[in-house]
Amino acid sequence: MKVLMVDIDKCTGCRACEYACSFAHDGEFNPLNSRIHISEFLDDFVFVPTYCTQCDEAYCMDVCPTKALTRSQSGVVELDYDKCIGCKQCVIACPWGNIKLSSDAKRVIKCDLCGGEPECVRVCHAGALEFVDVEDAVLGKQIRAAANIKRSAVAGV
Ligand code: SF4
């Protein structure tokens, strides 16, 4: 299974991902309708992309009264607009705030990984976003954590 991974050390806060996401889904460059969101922490010059992580235990799916949210074979939680009645229970249930209302408040929107080729990853020239096999993602994190430990050990802290 492939997952969307973020390296916040590389994110420059350019928001290209937000523009690309909204254009890919709605045909307009409107970050308010992006399924990925960049939170800015300007005091520390840190930018944190957040998005639906397709939870294994997806509360949004559990609370949907019309079963408009279902899991695809590739593991993506997909939203069927023909079944969605706009009750917003999924918006309330998501612990991460990653299902939200569109800017006109008429639709619920969430990341669908663009059918397996996420636009946000394609346009992120900083390399902050990757779409990788989950095993590779874990290995990458282990290597980064080990490098941090080594740096601390060498620095004597
Ligand atoms: S495109 Fe990449 S660098 Fe730019 S805001 Fe998005 S994640 Fe950060």
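Is R35 buried or exposed? At a relative accessibility of 9%, R35 counts as buried, where buried means under 20% relative accessible area, exposed means over 50% and partly exposed lies in between, computed with a 1.4 Å probe on protein chains only.

The model described here is predicted, so that local features need a pLDDT of at least 70 and side-chain atom pairs count only at pLDDT 80 or more, while totals for chains, interfaces and linings use all residues. Residues are numbered from 1 along each chain as its sequence is written, and side-chain values use heavy atoms, with hydrogens and water left out.

**Overall layout**

The chain has five helices and eight strands, which are DSSP runs numbered from the N terminus, helices being H or I runs of at least four residues and strands E runs of at least two. Read from the N terminus on, these elements follow the order β-α-β-β-α-β-β-α-β-β-α-β-α. Along the principal axes, the C-alpha atoms of the chain fill a box of roughly 60 × 30 × 25 Å, and 32% of the 157 residues count as buried. Among contacts (heavy atoms within 4.5 Å) in the chain between residues at least 6 apart in sequence, 51% join residues at least 24 apart.

**Salt bridges**

A search of the whole structure finds five salt bridges, a salt bridge being a side-chain nitrogen of Lys or Arg within 4 Å of a carboxyl oxygen of Asp or Glu. Three of the pairs are set out below with the separation of their closest N and O atoms.

| Acidic residue | Basic residue | Closest N and O atoms |
|---|---|---|
| D26 | R35 | 3.0 Å |
| D26 | R107 | 3.2 Å |
| E119 | R122 | 2.9 Å |

D26 forms salt bridges with R35 and with R107. D26 lies in helix α1 (residues 16-26) and R107 in the loop between β6 (100-101) and β7 (108-109), so this pair ties together parts that are 81 residues apart in sequence. D26 itself is partly exposed, with a relative accessible area of 25%, and R107 is also partly exposed, at 27%.

The pair E119 and R122, by contrast, lies within helix α4 (residues 119-123), where the two residues are three apart, about one turn of the helix. E119 counts as partly exposed at 22% relative accessibility, whereas R122 is exposed, with a relative accessible area of 57%. In addition, R15, E18 and E40 are linked in a network of salt bridges.

**Helices α1 and α5**

In α1, the residues C17, E18, A20, C21 and S22 are buried, and what covers the buried residues of this helix includes β2 (37-41), α4 and β8. After α1 comes G27, whose phi is positive, near 75°.

Helix α5 (residues 134-155) has 22 residues, which at 1.5 Å a residue should span 32 Å, and its end C-alpha atoms are 32 Å apart, in agreement with that value; the expected span is 1.5 Å times one less than the number of residues. Just after α5, G156 takes a positive phi of about 75°.

**Nonpolar cores**

In soluble globular proteins, nonpolar side chains tend to be buried together. A nonpolar core is taken here as a set of buried Ala, Val, Leu, Ile, Met, Phe, Trp, Tyr and Cys residues joined through side-chain atoms within 4.5 Å. The largest such core has 17 residues, and those with the most contacts inside it are L4, C17, I36, L113, C120 and L129. Both α1 and β8 (129-133) supply at least two residues each to this core. A second, separate core of eleven residues includes A68, C90, C94 and I99.

Leaving aside neighbours within four places in sequence, L113 is in contact with L4, Q54, V76, P118 and F131, and P118, on the same basis, is in contact with L4, L113 and F131. P118 is found in the loop between β7 and α4 and counts as buried at 7% relative accessibility.

**Surroundings of the ligand**

Of the 13 residues around the ligand, C11, C14, R15, C17 and C124 come nearest, a residue being near a molecule or strand if one of its heavy atoms lies within 4 Å of it. The residues of this shell divide into ten nonpolar, two polar and one charged, with Ala, Val, Leu, Ile, Met, Phe, Trp, Tyr, Cys and Pro counted as nonpolar, Asp, Glu, Lys and Arg as charged, and the others, Gly among them, as polar.
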